[in-house]
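Visitor: Could you take me through one part of this model up close, the nonpolar patch on its surface, and then show me what the rest of the chain looks like?

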Amino acid sequence: GKVKLDEAVATGADELLSLCPCCQFQLRVSAEKNGMPVKVTDLATFLAKAHGYQVEEDLPKVLDSWATFEAMIALMKPRNMAALMQELFPELVEAMPRWMGKMMCLAGRMGLLPRMKGMFPIVFPLLMPGMMPKVMPAMLRAVARRVPMPDYMKEQMPDLMPRAMGNLMPHLLPEVVPLIAQPLVDYLV
């Protein structure tokens, strides 16, 4: 956002129009955070004002709405996703195939689990697709504690989250599993 705002300032513009709501959010947030002297306006507001209509300033609403997206984006970072998964260890272990969870708990009590830790990067990607539907209710609650959301968004999360995690996890697990391997061993021991 700052790069685009710098370009606008360089042209002498004092207002930047945006057609895309997502881009508008990002540009407004960037302008606010960087103290940029450019006002970001959506095209509809610009046209309404040009025709003499009074339009209420919506920057506080925009910044509040962006906070949800910013928190969700932060959650998708490997360290933050690892912290979320650690919170869900009870549900994750319970969601494993019957023999797997019990076997891991037994291996933990026998002191064998640290030697099995090297298999986690192979096993987790294979197990996660089957585990996610069982873990999803707890994940939704954990995400709701971390991400400020308006009610309408909370209502949509049960439909959106499974698809998002289905797309995200295969790419994120290689970075997350090494971060949760030892904490999982510690949890199971």
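Guide: Let's start with the patch and then step back to the whole chain. First the ground rules: this is a predicted model, so local features need pLDDT of at least 70 and side-chain atom pairs count only at pLDDT 80 or more, while totals for chains, interfaces and linings use all residues. Residues are numbered from 1 along each chain as its sequence is written, and side-chain values use heavy atoms, with hydrogens and water left out.

The patch covers about 450 Å² and is made by Leu17, Leu19, Leu43, Phe46 and Leu47. To join a patch, residues need over 30% relative accessible area and no salt bridge; nonpolar side chains (Val, Leu, Ile, Met, Phe, Trp, Tyr) are linked within 5 Å, and like charges within 9 Å. A salt bridge here is a Lys or Arg side-chain nitrogen within 4 Å of an Asp or Glu carboxyl oxygen. Areas are Shrake-Rupley values with a 1.4 Å probe, and for residues only the protein chains shown count as cover. Helix α3 (residues 43-50) gives the most to the patch, 3 residues. Leu19 sits in the loop between β1 (15-18) and α2 (21-34), and is exposed, at 70% relative accessible area. The cut-offs are over 50% for exposed and under 20% for buried, with partly exposed in between (1.4 Å probe, protein chains only).

Now step back. The chain has 10 helices and 2 strands, where helices (H or I, at least four residues) and strands (E, at least two) are DSSP runs numbered from the N terminus. With a radius of gyration of 23 Å, well over the 16 Å the globule rule gives for 189 residues, the chain is more spread out than a compact globule. That radius is taken over C-alpha atoms, and the rule is 2.2 Å times the number of residues to the power 0.38. The C-alpha atoms fill a box of roughly 75 × 35 × 20 Å along the principal axes.

Inside, the largest nonpolar core has 47 residues, and Met85, Phe120, Phe124, Met128, Met139 and Val143 touch the most other members. A core is a set of buried Ala, Val, Leu, Ile, Met, Phe, Trp, Tyr and Cys residues joined through side-chain atoms within 4.5 Å. α10 gives the most to this core, with 14 residues. Beyond its neighbours within four places in sequence, Val143 is in contact (heavy atoms within 4.5 Å) with Met72, Leu75, Leu84, Met149 and Met161. A second, separate core of 7 residues includes Ala8, Leu27, Ala31 and Val40.
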